[in-house]
Amino acid sequence: MKIKNICCIGAGYVGGPTMAVIALKCPEIKVTVVDLNKERIAAWNDPDVNNIPIFEPGLSDVVAKARNKNLFFSTDVDKAIREAEMIFISVNTPTKTYGSGKGYAADLKYIEGCARQIAKVATDDKIIVEKSTLPVRTAEAIRDILSNTGNGVNFQILSNPEFLAEGSAVDNLLTPDRVLIGGDNSPKGQEAVQALVDIYANWIDRKKLLTTNVWSSELSKLTANAFLAQRISSINAMSEICEQTGADVTEVARAIGSDSRIGPKFLKASVGFGGSCFQKDILNLVYIARSYGLNEVADYWEQVIIMNNHQRTRFAKNIVKTLYNTVSGKKIAFFGWAFKKDTNDTRESAAIYVADLLLEEQAQISVYDPKVTAEQIYADLDYLNTRSSEENRRLVNVVQNPYEAAEGAHAIAVLTEWGEFREYNYQDIYTKMQKPAFVFDGRSILAADRLKEIGYKMQVIGK
Ligand SMILES: NC(=O)c1ccc[n+]([C@@H]2O[C@H](COP(=O)([O-])OP(=O)(O)OC[C@H]3O[C@@H](n4cnc5c(N)ncnc54)[C@H](O)[C@@H]3O)[C@@H](O)[C@H]2O)c1
């Protein structure tokens with residue numbers, strides 16, 4: 001079966017880049033990305049390709065090459081579903097904030113909404129591809145909804161979790177370590193798997209296209225994120241021991257990372273991981289384990305989250321303690337708000353939680369981030385519901401320039417590892433700050449020795 005027409009529901013951080021790359025590499029396939037969010041779609045269609053809603057290195061070039069040739073962005077969900085032979089579901093699957101499983105389970109209402117929409121609209125056979133990260137056996141629920149329409153349409157459900165990392169999404173999509181495709185063992189199921197394999201084979205070596213059963217594929221995505229996050233929490237746990245013992249976490253990471261059994265990646269100590277996925281996927285895993293009565297398994301993975309929360313909290317508390325046990329009325333400059341460099345995504349960013357704790361201590365925060373808007377920063381703080389939005393706006397000032405952020409500040413806190421933070425004129429910044437001038441480097445990226453020579457009092461995670 002040769003696919004000619006693809007629809008992707010969800011034009012977010014996954015749907016947008018993934019489909020842009022498929023369109024680029026498969027010029028004979030028409031790819032339509034749909035979303036209910038009109039503003040997001042309008043931004044994807046902005047004549048100036050630099051205004052697309054997601055910042056990712058290289059993405060605007062890919063979009064510029066394929067858009068309005070074989071890549072389309074639209075709000076007409078029904079039309080795109082009707083026309084497509086293959087439908088990717090790439091909608092958000094946040095942690096539930098209500099009812100049973102609150103705080104742990106994935107909220108599948110957007111997934112179910114898609115399945116019901118497809119069931120209502122489809123008039124011919126379709127392959128449905130789960131691109132969103134989902135709990136094990138979600139495909140069963142989707143199949144249940146789709147197979148009870150009574151209109152004689154056949155659906156094959158595939159699991160094709162996405163492993164891209166924000167900040168390097170385009171590279172990851174162009175040259176992935178592997179692509180995972182889970183499908184049914186039935187002949188029809190295997191035919192559907194093959195159709196998706198053939199799409200990826202346009203630019204990816206077939207050896208990297210791994211096929212499994214649906215449940216293994218769904219669980220592999222949660223497992224991958226749990227393992228990655230666990231490495232961060234593990235090195236962060238060591239960072240606290242380093243600070244007490246005089247060991248240096250960068251040296252420890254290098255020493256253990258040189259062991260080929262361990263490897264060097266994801267061993268950078270920091271103020272804690274963020275992003276939309278790690279926390280929610282582990283919580284989901286914890287929920288699944290508990291729901292099967294596997295309490296030891298659940299506790300084991302939950303500890304990764306507990307450690308991460310601890311790392312953020314202790315970073316913030318250390319600022320308060322170091323600034324003579326009070327930050328009330330003191331200006332703290334935040335360098336960075338995004339959860340990592342090279343993205344404008346702020347979901348679950350450590351900066352949000354560090355700010356919240358400092359605001360509880362009545363600090364005045366001035367934020368500079370090269371890609372995050374003031375609107376987003378206030379929305380992140382308001383979402384916590386810790387204080388009124390007026391108060392958030394009174395206590396937090398968002399500026400367009402790092403020098404302005406640091407002017408008159410008692411301390412700089414580095415929350416994101418943006419490369420440009422290394423390049424500033426720290427001599428100049430020093431003269432503008434209150435003395436003693438403190439720097440809390442939560443990403444261990446600044447040249448600590450040079451800053452100390454200038455006169456800064458440096459505190460670096462894990463040192
Ligand atoms: N962000 C990542 O780095 C990443 C990586 C791998 C996997 N994932 C997974 O991919 C999924 C999507 O994540 P994301 O970051 O792209 O989310 P996102 O919030 O950026 O995008 C999801 C989009 O889906 C749209 N949507 C929701 N319901 C809809 C419906 N019924 N019809 C049309 N549009 C609808 C929303 O309006 C939103 O624009 C999640 O399950 C996530 O866990 C994310």
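Student: Which of the 25 residues around the ligand come nearest?

Tutor: Asp35, Arg40, Thr93, Glu166 and Lys280 do. Keep in mind that this is a predicted model.

Student: What makes the pair formed by Arg347 and the ligand a polar contact?

Tutor: The cut-off is 3.5 Å between N or O atoms. A polar side-chain atom of Arg347 lies 2.8 Å from an oxygen atom of the ligand, so the pair qualifies. Backbone atoms take part too: a backbone N or O atom of Thr133 is 2.9 Å from a ligand oxygen, and a polar backbone atom of Leu36 is 3.4 Å from a ligand nitrogen. The protein covers 90% of the 840 Å² of accessible area that the ligand has on its own.

Student: Why is Tyr292 called exposed?

Tutor: Exposed means over 50% relative accessible area. Tyr292 has 58%, so Tyr292 counts as exposed. You will find Tyr292 in the loop between helix 11 (278-291) and helix 12 (295-322). Together with Leu294 and Val297, Tyr292 makes a nonpolar surface patch of about 310 Å².

Student: How do you know that the span of helix 8 agrees with what is expected?

Tutor: Helix 8 has 14 residues (187-200), and at 1.5 Å a residue they should span 20 Å. The end C-alpha atoms are 20 Å apart, so the two values agree.

Student: Which residues of helix 8 are buried?

Tutor: They are Gly189, Ala192, Val193, Ala195, Leu196, Val197, Ile199 and Tyr200. Each is called buried because its relative accessible area is under 20%. As a reminder, an α-helix has 3.6 residues a turn, so residues three or four places apart point the same way.

Conventions: Residues are numbered from 1 along each chain as its sequence is written. This is a predicted model: local features need pLDDT of at least 70, side-chain atom pairs count only at pLDDT 80 or more; totals for chains, interfaces and linings use all residues. Side-chain values use heavy atoms; hydrogens and water are left out. Patches are made of residues with over 30% relative accessible area and no salt bridge: like charges are joined within 9 Å, nonpolar side chains (Val, Leu, Ile, Met, Phe, Trp, Tyr) within 5 Å. Accessible areas come from the Shrake-Rupley method with a 1.4 Å probe; for residues, only the protein chains shown count as cover. A salt bridge is a side-chain nitrogen of Lys or Arg within 4 Å of a carboxyl oxygen of Asp or Glu. Helices (H or I, at least four residues) and strands (E, at least two) are DSSP runs, numbered from the N terminus. Buried means under 20% relative accessible area, exposed over 50%, partly exposed in between (1.4 Å probe, protein chains only). The expected span of a helix is 1.5 Å times one less than its number of residues. A residue is near a molecule or strand if one of its heavy atoms lies within 4 Å of it. A polar contact is a pair of N or O atoms within 3.5 Å; within protein, one must be able to donate a hydrogen and the other to accept it, and residues adjacent in sequence count only if both atoms are side-chain atoms.
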